[in-house]
Amino acid sequence: MLAYCGSGVSPQCLEIADSIIDRFIKICSPRDMLSILCEGLDSPNKTVKAAAYICPLISGLSEVFLSIRRRHFEQIKAAVPVIVKVVNAISSESDYEDIELETLFDRVVKNAHSIQEVSMKLQEDGVNDKLRALLGLYILQILALVSVSPAHLPFVSRLVFFLPYCGVSYLGLITGSDVETMSCIVIGEGEDDFMSFSSHIYLGASLSVIWAQMYNEVAQAAKEDLGVVKTELQNNQIKRWQAIGMLKHIFSSVDLPWEFKRHAVDFLLYITSGDISNKLEEHNDCSPCMTSLFSALKAVTLIIIYTSDTVLRKNAFEALKRVLADIPNSLRFDILKALITNSDSSSMVAILLDLVRGEMHREIALRRSTGKNEVLEADNEAYQNTLFWSTSILELVESVLRPVKGGPPILPENGDAVLSALNLYRFVLMTESAGKTNDTGVLSKNNLQKAYKEWLIPLRVLVTGIVAENKSDNDQLAVDTVCALNPVELVLYRCIELVEEKLKHST
């Protein structure tokens with residue numbers, strides 16, 4: 001430990017520390033040295049948590065791995081989480097010089113070489129398979145940590161070089177199937193050390209493919225043809241859903257540079273390009289993918305909200321629409337509703353409500369094109385459950401105009417969402433009236449009275465009060481408030497007129 005604590009002063013001291021640790025490895029048992037080095041890496045003393053301090057210990061582990069005589073898998077497996085933990089702590093800090101991180105990453109890659117060398121020597125009793133799976137998980141975790149900067153391309157190429165040896169493919173990584181296979185081999189129940197870094201594993205799996213999207217040399221190092229992988233995802237809906245679910249780890253990461261998210265969105269646009277609507281298979285069970293699809297779409301909405309790149313925002317919105325179109329009709333409304341109710345952004349809620357209205361317009365056009373619904377109903381046994389024209393649409397409008405907490409929405413902060421909800425309500429009311437239908441229940445007397453008394457009138461009181469309060473004020477905030485509420489007020493009064501007219505003729 002003296003060699004460890006004394007290192008980091010200068011390159012010469014690092015060399016001395018390396019030689020001292022190397023000497024200890026030669027005269028001590030590998031098992032003892034493994035424990036000592038892991039204890040040093042796992043030290044709670046933050047004053048020695050620097051790249052220069054831990055590099056001698058990382059290098060020492062590479063030598064120890066090669067010296068282990070028995071229980072190779074168990075001992076290397078115990079060291080891997082320790083390495084990942086300390087690399088994660090250092091790579092997440094922003095005050096390290098690139099040269100320090102490069103030295104660290106170089107030695108971490110050498111650990112992978114040592115694990116591979118041990119694995120190649122052991123072919124009996126399934127130990128080789130376990131070590132290959134362990135090496136694969138190690139590579140994916142380190143890959144996620146190396147990706148703190150696109151400048152670390154050389155290390156990425158060195159890391160993905162191990163993937164073919166680990167028996168994994170880009171298709172298996174981007175769909176998550178190879179990750180699950182390796183995890184089942186390596187990680188047992190209750191192994192918290194590994195499970196605490198499971199997010200790094202999935203992120204690394206996704207990034208291994210996106211790095212290849214960014215740089216062809218990465219695909220070459222991994223001996224993969226990315227074009228073949230993307231074509232397979234285009235043609236296979238289940239695998240496409242799985243890939244979308246894996247991309248959520250990139251979309252939702254707060255540590256990755258925006259460049260990775262931009263390329264991940266481009267990848268998503270590619271695999272959902274073409275006329276995939278003709279390739280949709282309604283009999284495919286989407287329910288196992290629902291949670292991951294929702295998480296991915298939720299993360300895409302955050303990109304739309306927070307990116308300053310207008311091109312990325314436009315592409316992310318297009319990707320959002322394409323993924324929604326890829327989801328079966330029977331589940332698309334549920335996904336949209338969940339996105340709306342779980343969004344804190346008024347503008348995003350407005351966008352999502354406009355998408356709902358677009359879906360309803362598309363479905364009403366489909367109805368008209370099929371005559372009077374006989375063909376559509378005959379071809380679809382789940383007719384009442386798959387279309388947007390149902391009573392659920394009023395619940396969606398109510399969630400905005402009369403939030404769960406009660407009372408009218410907060411204005412002008414939620415003005416975009418309120419305006420979109422009013423437009424949706426007006427669209428439904430006018431369309432049902434014109435078509436002499438009542439699929440949503442919007443024309444029933446009870447629902448008309450509820451909308452009038454609980455949504456529209458309280459909202460009118462709120463809007464007129466805010467406008468009156470700010471009209472006499474000449475400061476810019478007051479002017480902006482009145483301007484923001486003008487379109488809300490206009491649509492609100494039109495909705496009130498329509499409801500009052502319908503109530504006059506209701507029985």
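1. Residues 24 or more positions apart account for 75% of the contacts in the chain that have a separation of 6 or more. The model is a predicted one, and the points below should be read with that in mind. The secondary structure consists of 27 helices and 0 strands. The chain has 507 residues, and 50% of them are buried.

2. On the surface as a whole: the accessible area of the chain is about 23,600 Å². Carbon and sulfur atoms hold 51% of that surface.

3. The interior comes next. The largest nonpolar core contains 165 residues. Helix α7, residues 127-146, gives this core its largest share, 14 residues. Tyr138, Tyr170, Leu422 and Tyr425 are the residues with the most contacts inside the core.

4. Which residues does Tyr138 touch, leaving aside its neighbours within four places in sequence? The contacts of Tyr138 are Val80, Ile83, Val84, Val108, Asn111, Ala112 and Ile115. Anyone inspecting the core in the viewer could start from Tyr138, which is among the residues with the most contacts there.

5. Tyr425, also listed among those core residues, takes part in an aromatic pair. The search of the whole structure gives 7 aromatic pairs. One of them joins Trp389 and Phe427, with ring centres 5.9 Å apart and 50° between the planes, a tilted arrangement. Trp389 sits in the loop between α23 (383-386) and α24, while Phe427 belongs to helix α25 (residues 415-435), so this pair links distant parts of the chain, 38 residues apart. Trp389 is buried because its relative accessible area is 3%, under the 20% limit. Phe427, with a relative accessible area of 17%, is buried as well.

6. The pair of Tyr425 and Trp455 is edge-to-face: 5.7 Å centre to centre, with 75° between the planes. Tyr425 lies in helix α25 and Trp455 in helix α26 (residues 445-471), so the pair ties together parts that are 30 residues apart in sequence. Both Tyr425 and Trp455 are buried. Elsewhere, ring pairs link Trp211, Tyr215 and Phe260 into a cluster.

7. Charged pairs: the structure has 16 salt bridges. Arg332 and Glu359 make one of them, with their closest N and O atoms 3.1 Å apart. Arg332 is in helix α20 (residues 329-341) and Glu359 in helix α21 (residues 346-369), so the bridge ties together parts that are 27 residues apart in sequence. Are these two residues buried or exposed? Arg332 and Glu359 are both buried.

8. Glu395 and Lys337 form a salt bridge at 3.5 Å, N to O. This pair links distant parts of the chain, since Glu395 is in helix α24 (residues 392-401) and Lys337 in helix α20, 58 residues apart. Glu395 has 42% relative accessibility and therefore counts as partly exposed. Lys337, with a relative accessible area of 26%, is partly exposed too.

9. A salt bridge within one helix is that of Glu497 and Arg494, whose closest N and O atoms are 3.5 Å apart. The two residues are 3 residues apart in helix α27 (residues 476-505), which means they are separated by about one helical turn. Glu497 is partly exposed, at a relative accessible area of 44%. Arg494 is partly exposed, at 33% relative accessibility. Asp106, Lys110 and Arg158 are joined into one network by salt bridges that share partners.

10. Last, a nonpolar feature of the surface. Ile16, Ile20, Phe24 and Ile27 form a nonpolar patch there, and together they have about 360 Å² of accessible area. Where is Ile20 found? Ile20 is in helix α2, residues 11-27. Ile20 counts as partly exposed because its relative accessibility is 33%, between the limits of 20% for buried and 50% for exposed.

Notes. Residues numbered from 1 in each chain as written. Predicted model: local features only at pLDDT ≥ 70, side-chain atom pairs only at ≥ 80, totals over all residues. Heavy atoms only, no water. Patch = residues over 30% accessible without salt bridge, like charges linked within 9 Å, V, L, I, M, F, W, Y side chains within 5 Å. Areas by Shrake-Rupley, 256 points an atom, 1.4 Å probe, with all protein chains shown as cover. Salt bridge = Lys/Arg side-chain N within 4 Å of Asp/Glu carboxyl O. Helix = DSSP H or I, 4+ residues; strand = E, 2+ residues; numbered from the N terminus. Buried < 20%, exposed > 50% of the residue type's maximum accessible area, 1.4 Å probe, protein only. Core = buried A, V, L, I, M, F, W, Y, C linked by side-chain atoms within 4.5 Å. Contact = heavy atoms within 4.5 Å. Phe/Tyr/Trp six-rings, centres within 6.5 Å; stacked < 30°, edge-to-face > 60°.
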